Amino acid sequence: MSDLLERLRGRGWRMTAQRRVVAEVLDGDHVHLTADEVHSRAVDRLPEISRATVYNTLGEMVSLGEVIEVSTDRRAKRYDPNAHRPHHHLVCANCGAIRDVHPAGDPLADLPAGERFGFMISGVEMTYRGICPNCAATT
């Protein structure tokens, strides 16, 4: 069973066939699919699943905190099942590929007190941008 499925079951989330398929599609490392990509892959496994069901299921998973909604620029939102391990994202400026990265250290510690302007910091989202090896090879 996938890590995401285990987490959802642990929360007592009712596991319908449609929800199970969406969770299975999202399972894995470096998964950052759009809702349309999730739907396309889910249809391969369960042909009767609707686009609305996929969108609603993704919204529920985000609300539960089991999936992160990632927006790296003006492109479609992507869904990241790696919600419980703090990480940042590395994004290809050309094709939009996204990889999870886990740099050493605490990014909160890197923000001097004088730069916090009295904010109570609750989290950090960092995005590294560059060109992936596939795009670099074709230029």
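How much accessible surface does the protein chain have, and what share of that surface belongs to carbon and sulfur atoms? In this model, which I should say at once is a predicted one, the accessible surface comes to about 8700 Å², and 50% of that area belongs to carbon and sulfur atoms.

Let me turn to the overall layout. The protein chain has five helices and six strands, and if you follow the sequence from its start you meet them in the pattern α-α-β-α-α-β-β-β-β-β-α. Taken along the principal axes, the C-alpha atoms fill a box of roughly 55 × 45 × 25 Å. Of the 139 residues in the chain, 33% are buried, and, among contacts with a separation of 6 or more, 46% are made by residues 24 or more positions apart. As for charge, there are 17 positive and 19 negative charges, and their mean positions lie 3 Å apart.

Now to the interior, where I would like to begin with helix α3, residues 35-45, whose buried residues are A35, V38, H39 and A42. These four cover an arc of only 100° around the axis, and therefore they sit on the same side of α3. What lies over them includes two other helices, α2 (17-26) and α4 (51-64), together with the strands β1 (33-34) and β3 (78-80).

V38 brings us to the largest nonpolar core, which has 21 residues, and in which the members touching the most other members are L4, V22, L26, V38, V54, L58 and M61. The elements that contribute two or more residues to this core are α1 (3-10), α2, α3 and α4, and α2 gives the most, with five residues.

Within that list I would pick out L26, and ask which residues it contacts once its neighbours within four places in sequence are left aside. The answer is L4, V31, V38, L58, M61, V67, Y79 and P81, and of these partners L4, V38, L58 and M61 also appear, like L26 itself, among the core members that touch the most others.

Finally, one residue in a loop deserves a look on your screens, namely F117, which is found between β5 (98-101) and β6 (127-130). Its phi is near 50°, a positive value in a residue other than glycine. Is F117 buried or exposed? The relative accessibility of F117 is 61%, and because a residue over 50% is classed as exposed, F117 counts as exposed.

Key: Residues are numbered from 1 along each chain as its sequence is written. This is a predicted model: local features need pLDDT of at least 70, side-chain atom pairs count only at pLDDT 80 or more; totals for chains, interfaces and linings use all residues. Side-chain values use heavy atoms; hydrogens and water are left out. Buried means under 20% relative accessible area, exposed over 50%, partly exposed in between (1.4 Å probe, protein chains only). Contact means heavy atoms within 4.5 Å. Accessible areas come from the Shrake-Rupley method with a 1.4 Å probe; for residues, only the protein chains shown count as cover. Lys and Arg count as positive and Asp and Glu as negative; His and the chain ends are not counted. The place of a charge is taken as NZ of Lys, CZ of Arg, CG of Asp or CD of Glu. The arc is that of the directions from the helix axis to the C-beta atoms. A nonpolar core is a set of buried Ala, Val, Leu, Ile, Met, Phe, Trp, Tyr and Cys residues joined through side-chain atoms within 4.5 Å.
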